[in-house]
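Please look over the sequence and the model shown here before reading on. The text after them is meant to be read with the structure open.

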Amino acid sequence: MNSKNNSIPILSRLILFCQPPKAYALQIARFQPRWSEIWFKKDVDRLGLSLFSVKLRFVNMGFLMVCTWGIQACGSEDDHSVADTPITDDPSDLVEVEFPQLIWPLDHQLHDKVYISNYVDLDSDENQTRDYACAFQHTYDGHTGTDFALLNFRVMDQGVGVVAVAPSVVTWTEDFNYDRNYWQPFQGSHNGVVVEYPDKSFTAYAHMRTHSIAVKVGETVEAGDFLGFVGSSGTTPIPHLHLANRDKNNQVVEAYTGACRQGDSFWTSQTAYVGNTLRIYDADVFLDFELIGGFQFGEIRTFKDRPLAPAVYGIDQPKLGLWVQVQGNSGQEFSIEVKKPDGAVFVKEDVSLETKRRYGWYGFNWGFDSVTSEDFGVWTINISGGGRRVRNQLRSWA
Ligand SMILES: [Zn+2]
């Protein structure tokens, strides 16, 4: 058994990232058996990125697809009445801002199918970022709100409610735009709601689902009132709520308080900073058809939709595919362990994040054709990291 295990190579690994900066790149390559190591050079993309190279090592023939990309997670404030005003470069300037106390904006709590992919960028300098914690840059350049993201589009389809964060009056809504953007070019503007507070400060709720908005201009809402559903309308590659707060002078307000945003929090209950920890959000197996045959850039949609996981992994599958949805920083690690029904280790692998991932998917596949009838039964899959373990059992049969 062991000798057979040792003979099972890692055939390929596909890596899917969704990570700004404001450009993306795509690499698709077909390996030849004789190659044991290869260098890729990314084409200079249409947005003018400099050349980029990634060294990939692999140990056997196979079809390797690498898709790395990064695009703005949002940026739709310009789509409506919220003017784009510069953010102060001095964190202390934000201390004196007055703003209402805010409640959590969704009907799902943080880490319940919801994660934070971006905070406000408090550094006004181009190409420099600083989040409120002065820590791990859990933001991107020029970002003016907090992004509350859903794990995948299935969660969006199930409906995650957006609720009013404070008592306010609705001053703007739009509800008819396309709401299923996965990647560039993004279709249409975004659906959303803007509410105003008595001192003329305001909050914008952006990227909402089409025909889901439940309030009208002029309506008064209380904290917790349902406004509509999270969507993926406008400039966004994932379903998320962009919550943007502005004071009465139209200056960006970061509600979170920390080392780089002094003063009181504007949250009634501020959630812990998420930028410093690795977190495994989701993971599962996927089928061979998602591994072979012209994997294209757009097919990252497969992961954003959450791939279908089979109840039984049949012997006809030549590869065992596994994906992991993760958030973490460069150098942080997660581990993968796949065991056969008799407890023998089929795969054990530690994965180190090459760079910060505010969100992203890692995909793996290993040859499955060596599995014999002795291996039929319940397999155990553990993906662990950041103190969290995603356990998944899988039945294998002919
Ligand atoms: Zn945003």
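What follows goes from the whole chain to its confidence, then to a sheet, a core and some single residues.

The model is predicted. Its protein chain has three helices and 25 strands. The chain counts 398 residues, and 42% of them are buried. Among contacts with a separation of 6 or more, 74% link residues 24 or more positions apart.

Confidence should be checked next. The mean pLDDT of the protein chain is 78, and 73% of the residues reach 70 or more. Over residues 1–89 the pLDDT stays under 50, and the model has 181 contacts beyond four places in sequence for this stretch. Residues 293–298 also have pLDDT under 50 throughout. For residues 293–298 the model has six contacts beyond four places in sequence.

One sheet can be followed strand by strand. It is an open sheet of five strands with mixed pairing, in the order E19-E25-E24-E21-E22. Strand E19 (312–314) and strand E22 (345–352) stand at the edges; each has a single partner strand, so one side of each lacks a neighbour in the sheet. On average, with direction ignored, neighbouring strands in this sheet are turned by 25° against each other. As background, strands of a sheet pair through backbone hydrogen bonds, in either a parallel or an antiparallel manner.

Begin at the E19 edge. E19 pairs with strand E25 (residues 388–397) in the parallel sense over three bridges, and Gly 314 has Trp 397 in E25 as its bridge partner. E25 is in turn joined to E24 by nine bridges, and these two strands run antiparallel. Thr 380 stands opposite Gln 393 of E25. E24 and E25 form a hairpin with two residues between them, and Gly 386 in the turn has a positive phi of about 65°. On the way towards the other edge, strand E24 (residues 377–385) runs antiparallel to strand E21 (residues 333–339), with five bridges joining them. Here Ile 336 stands opposite Ile 383 of E24.

Val 390 gives a view of the sheet from a single position. Val 390 is found in strand E25. Is Val 390 buried, exposed or partly exposed? Val 390 has 17 other C-beta atoms within 10 Å, which means that it is partly exposed. Not counting residues up to four places away in sequence, Val 390 touches Ile 280, Asp 282, Ala 283 and Ile 383. Val 390 and Ala 283 are 107 residues apart along the chain, with their C-alpha atoms separated by 6.8 Å.

Ala 283 appears again among the contacts of Trp 323. With residues up to four places away in sequence left out, Trp 323 touches Ala 283, Asp 284, Phe 286, Phe 303, Pro 307, Trp 361, Tyr 362 and Gly 363. Trp 323 is also one of the residues with the most contacts inside the largest nonpolar core, which has 73 residues. Others with the most contacts there include Val 162, Val 193, Tyr 205, Val 230, Leu 322 and Val 324. Where does this core lie with respect to domain 1 and domain 2? Domain 1 (2–70 + 281–397) and domain 2 (74–276) both give residues to the core, so it lies between them. In soluble globular proteins, nonpolar side chains tend to be buried together.

A further strand to examine is E9. Strand E9 (residues 146–150) is mostly covered, with five of its five residues buried. Thr 146, Phe 148 and Leu 150 point one way from E9, while Asp 147 and Ala 149 point the other way, and all are buried. Four bridges join E9 to E8 in an antiparallel arrangement, and Asn 118 has Asp 147 in E9 as its bridge partner. E9 is also joined by four bridges to strand E16 (residues 240–246), again running antiparallel. In that pair Thr 146 stands opposite Leu 243 of E16.

Phe 99 lies outside the strands, in the loop between strand E7 (69–70) and strand E8 (114–118). Phe 99 has 21 other C-beta atoms within 10 Å, so it counts as buried. Its contacts, not counting residues up to four places away in sequence, are Ser 201, Asn 245, Asp 247, Val 253, Ala 255 and Phe 266. The C-alpha atoms of Phe 99 and Arg 246 are separated by 8.4 Å, although the two residues are 147 residues apart along the chain.

Methods. Residues are numbered from 1 along each chain as its sequence is written. This is a predicted model: local features need pLDDT of at least 70, side-chain atom pairs count only at pLDDT 80 or more; totals for chains, interfaces and linings use all residues. A residue is buried if 20 or more other C-beta atoms lie within 10 Å of its own, exposed if 12 or fewer, and partly exposed in between; C-beta atoms are placed from the backbone. Two residues are in contact if their C-beta atoms, placed from the backbone, lie within 7 Å. Two strands pair if DSSP finds at least two bridges between them. Axes are lines fitted to C-alpha atoms, for helices over the stretch in contact, and angles run from 0 to 180 degrees between N-to-C directions. A nonpolar core is a set of buried Ala, Val, Leu, Ile, Met, Phe, Trp, Tyr and Cys residues joined through C-beta atoms within 7 Å. Domain bounds come from an automatic or database domain assignment. pLDDT is the predictor's confidence in each residue, from 0 to 100.
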